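Thanks for asking me to look this one over. Here are my notes, set out as numbered points so you can follow along with the model open.

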Amino acid sequence: MTILCVRFQQSPPHEVALPELLGLLQEFTPVVEALPPDGALADLGGAERYFGRDAVELAAVIRVRALARYGVDCVIGAGPGPMLARVALRDARPGVTRAVPGDAAAEFLAGQPVAALPGVGPATARTLGEYGLDTLGRVAAAPLSTLQRLIGAKAGRELRERAGGLDRGRVVPNAVSRSLVAERTFDVDELDPSRHRAALLAAAGETGARLRAVETVCRTLTLTVRYADRSSTTRSRTLAEPTAHSAALTAAAYGMYEALGLQRARVRALVLRAEGLTPAGRAAHQLTFDPVDEKVRRLEEVADRARARFGPRAVLPGTLAA
């Protein structure tokens, strides 16, 4: 068992940048893959041999150091491959690492819902469920030809292999700086859509301000909604043009939120991730000749100068976007 999937649990008053938490994992292994906004995969194959401890024991040390240094708890799943570690994370709890032995992978996966498998979206899960293939055990036992008829030749073959416990994935070290994350966590699970929108407004405003501060624009915006039962929904949208304009980011965030059609959902946190970051000087901006839009952009420039002079709290993120 060599792969850990770690999700750091932190509240806004003690928010720690993900790169710092990744640095903690890199004390054990250089093979760390960031999973923004708050997670990572770590390959501990070499670390197990070096430290003379197995992955579960090393996970306990990582948890203690995260608490001692940053006041951040974490939940950890462990398995022989990235896919199994990520599925194991669903059953993990703070203080207890959920470990999946390699020889018990198929048995562990058998009772999991199809949607638990990374890469299986709601549409695929719904299609399979309509034919009674609602667990990974049933998918693994289904004839390959049936799966290929339902979801395609390549996808059906890969799904059947993964449902049976075959994990061909590997941890790919990456740079968290390829994305930028803003999170809003509610003190209590929030039902009110107006509070959801207010949190999105603030997160989009913060994202735009941080992008402009480093003279960068983003091409894609991703929204993750975390619910009270620890499940989550993620949606991404490619923007019409690369931007750091808070109003454009807010509109995209609102659009993704509305498309989810949440009805009385108990939301624990909302996370916006800006991806596809490029230098602002290389991006083209389409002139709109919209006086309102130009006014908002000028106000953003004033607010950015105020932040540069008086600090990030000089202007509350999100107050300029409509």
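**Notes on the predicted model**

1. Let's begin with Gly164, which sits in the loop between α9 (153-163) and β6. Please keep in mind that this is a predicted model. Is Gly164 buried or partly exposed? Its relative accessibility is 36%, so Gly164 counts as partly exposed.

2. Which residues does Gly164 touch, leaving aside neighbours within four places in sequence? The contacts are Ala106 and Ala140. Ala106 is worth a look on screen: 58 residues separate Ala106 from Gly164 in sequence, yet their C-alpha atoms are 5.1 Å apart in space.

3. Next, the largest nonpolar core, which has 28 residues. The members that touch the most other members are Leu200, Leu221, Leu223, Leu270 and Leu272. At least two residues of this core come from each of β6 (179-190), α10 (193-213), β7 (216-227), α11 (246-260) and β9 (267-275). Helix α11 supplies the largest share, seven residues. As background, nonpolar side chains in soluble globular proteins tend to be buried together.

4. Leu223 makes a good place to centre your view. Not counting residues up to four places away in sequence, Leu223 touches Leu200, Leu270 and Leu272, along with Thr233, Thr234, Arg235, Ala253, Met256, Tyr257, Leu260 and Val271.

5. While you are at α11, have a look at Thr250, which belongs to this helix. Thr250 counts as buried because its relative accessibility is 1%, where the cut-off for buried is under 20%. What lies 2.8 Å from a polar atom of the Thr250 side chain? The partner is the backbone oxygen of Ser246.

6. There is also a second, separate core, made up of 25 residues. Its members include Leu22, Ala34, Ala42 and Leu44. Two of these names, Leu22 and Ala34, come up again in the lining of the second largest cavity.

7. How many cavities of 30 Å³ or more are there? The count is two. The second largest holds about 30 Å³ of space, and its lining consists of Leu22, Gln26, Val32, Glu33, Ala34 and Asn174. Strand β2 (residues 32-35) gives the most to this lining, with three residues. By type, the lining residues of this cavity divide into three nonpolar, two polar and one charged.

Definitions and conventions:
Residues numbered from 1 in each chain as written. Predicted model: local features only at pLDDT ≥ 70, side-chain atom pairs only at ≥ 80, totals over all residues. Heavy atoms only, no water. 1 Å grid on protein atoms, 1.4 Å probe; cavity = no way out; pocket = protein on both sides within 12 Å on 5 of 7 lines; lining within 4 Å. Points joined across faces, edges and corners; volume = space filled by probe spheres on them. Helix = DSSP H or I, 4+ residues; strand = E, 2+ residues; numbered from the N terminus. Nonpolar A, V, L, I, M, F, W, Y, C, P; charged D, E, K, R; others polar. Core = buried A, V, L, I, M, F, W, Y, C linked by side-chain atoms within 4.5 Å. Buried < 20%, exposed > 50% of the residue type's maximum accessible area, 1.4 Å probe, protein only. Contact = heavy atoms within 4.5 Å. Polar contact = N/O pair within 3.5 Å; in protein donor to acceptor, adjacent residues only side chain to side chain.
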